[in-house]
Amino acid sequence: MDTVSVELGERSYNITFADLPETLAPRRTLLVTDSNIDSLYREQLCKIIDPVDVFVIPAGEESKNAATFLDICRRAAALHLGRDCRFTAAGGGVTGDLTGFAAACYLRGVRFTQIPTSLLAMVDSSVGGKTGIDIPEGKNLVGAFHQPESVWVNTSFLATLPQRELGNGLAEVVKTAVIRDEKFFLFLEENSANLRDANNVELFNKIVRRCCEIKADVVSNDEKESGLRAILNYGHTFAHPIETLSNYTIAHGEAVSIGMEYAGRLALELGLWQKSDLERQAALLDALKLPRAIPQNISSQDILELMLSDKKNRNGKITFVLPEKIGSVKTVSGIESNIILKVLGER
Ligand code: ADP
Ligand code: ZN
């Protein structure tokens with residue numbers, strides 16, 4: 001069986017790439033899924049998982065809230081699920097984050113397995129153990145680290161994924177290549193014409209596998225984000241304010257794509273990397289039909305202010321992850337506001 005192992009001492013687990021999940025000890029399992037996955041795959045999933053019950057959440061970020069989190073816990077309690085039960089999430093990042101958080105809290109922690117069905121969840125949110133929910137004050141402000149028992153990746157789920165969602169995942173794929181692996185970046189360039197065809201199972205297996213390897217390597221070295229793990233935030237310092245200021249009409253991956261363009265411009269302004277590197281990144285984003293421009297109605301000043309109030313920048317200094325070349329990044333803080341505003345341009 002093709003696996004990537006995430007080395008975290010006694011919390012280590014495998015990501016399995018296969019038509020069927022790795023065999024785990026049979027347990028009373030609560031399957032959590034969203035309304036889209038439920039209508040497309042319920043029968044298939046129930047055959048494989050054999051759950052005691054299926055909890056279906058409405059598709060979309062709005063479900064990642066405290067009420068739904070409690071509903072999952074209450075369903076588990078009503079089913080008299082004990083410490084030896086398992087929560088399984090089948091869906092995108094929303095389902096995974098929410099179910100993982102419920103698994104981290106129900107009876108102070110029960111087993112959790114993940115079946116990511118979106119590209120974003122396969123390459124990003126299903127590796128690393130971050131779980132959580134949104135509150136009215138902000139996204140992901142309440143959560144916990146809770147590593148899964150196992151993750152099963154089957155890229156044939158991608159065949160039904162809407163193109164816009166595919167693009168969101170592709171942005172994180174490009175991010176992963178830029179921060180860590182020039183050879184992988186070259187592979188993406190060479191295959192860019194085929195990356196919008198999610199039916200290409202073989203190609204997506206390779207891509208998802210490489211992203212999981214890289215993320216597993218980073219996370220194994222820094223489980224709780226004290227150092228190295230920060231590099232996974234490449235593009236995200238610009239992305240988060242842009243997502244927020246667009247009232248979430250710009251999706252996460254789209255904002256990350258724009259964020260990488262601007263992090264790249266900032267790196268150029270500071271003399272960290274070459275113009276040709278920035279152009280190479282831009283060409284790949286364009287080939288994947290990902291956005292690079294900030295909408296004109298979002299002001300540079302507002303972006304800067306939101307960056308300063310981000311939970312990761314509470315000391316008044318913004319930390320950026322900036323590229324030194326394709327395949328390598330470093331964290332830089334203390335950049336003066338006027339330089340950031342210059343890079344953001346007049347708007
Ligand atoms: P994320 O982008 O973090 O994965 P979501 O969990 O909201 O966020 O998933 C994005 C959207 O894609 C949701 O509407 C979800 O129902 C849908 N989706 C996820 N996987 C698939 C799939 N394999 N086929 C069809 N739709 C999917
Ligand atoms: Zn992201």
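This account describes the surroundings of ligand 1 and then the second largest pocket of a predicted model.

Around ligand 1 there are 16 residues, and those that come nearest are Asp34, Gly93, Thr117, Ser118 and Thr160. By class, this shell holds 8 nonpolar, 6 polar and 2 charged residues. Two helices, α1 and α3 (93–105), each supply at least two residues of the shell. The largest share, 3 residues, comes from α1.

Three of the nearest residues also offer polar atoms to the ligand. At glycine 93 the partner is a polar backbone atom, which lies 2.7 Å from an oxygen atom of ligand 1. At serine 118 the side chain is involved instead: one of its N or O atoms is 2.6 Å from an oxygen atom of ligand 1. Threonine 160 places a polar side-chain atom 2.6 Å from a nitrogen atom of ligand 1. On its own, ligand 1 has 560 Å² of accessible area, of which the protein covers 88%.

Attention now turns to the second largest pocket, which contains about 310 Å³ of space. Its lining comprises 18 residues, with Glu22, Leu24, Ile48, Ile49 and Arg86 closest to the centre of the pocket. Helix α1 (35–49) gives two or more residues to this lining, as do the strands β5 (86–91), β6 (111–116) and β9 (150–153). The lining divides by class into 9 nonpolar, 6 polar and 3 charged residues.

Helix α1 thus links the two parts of this description: α1 contributes to the shell around ligand 1, and α1 also contributes to the lining of the second largest pocket.

How values were computed:
Residues numbered from 1 in each chain as written. Chains lettered and ligands numbered in written order. Predicted model: local features only at pLDDT ≥ 70, side-chain atom pairs only at ≥ 80, totals over all residues. Heavy atoms only, no water. 1 Å grid on protein atoms, 1.4 Å probe; cavity = no way out; pocket = protein on both sides within 12 Å on 5 of 7 lines; lining within 4 Å. Points joined across faces, edges and corners; volume = space filled by probe spheres on them. Helix = DSSP H or I, 4+ residues; strand = E, 2+ residues; numbered from the N terminus. Nonpolar A, V, L, I, M, F, W, Y, C, P; charged D, E, K, R; others polar. Near = heavy atom within 4 Å. Polar contact = N/O pair within 3.5 Å; in protein donor to acceptor, adjacent residues only side chain to side chain. Areas by Shrake-Rupley, 256 points an atom, 1.4 Å probe, with all protein chains shown as cover.
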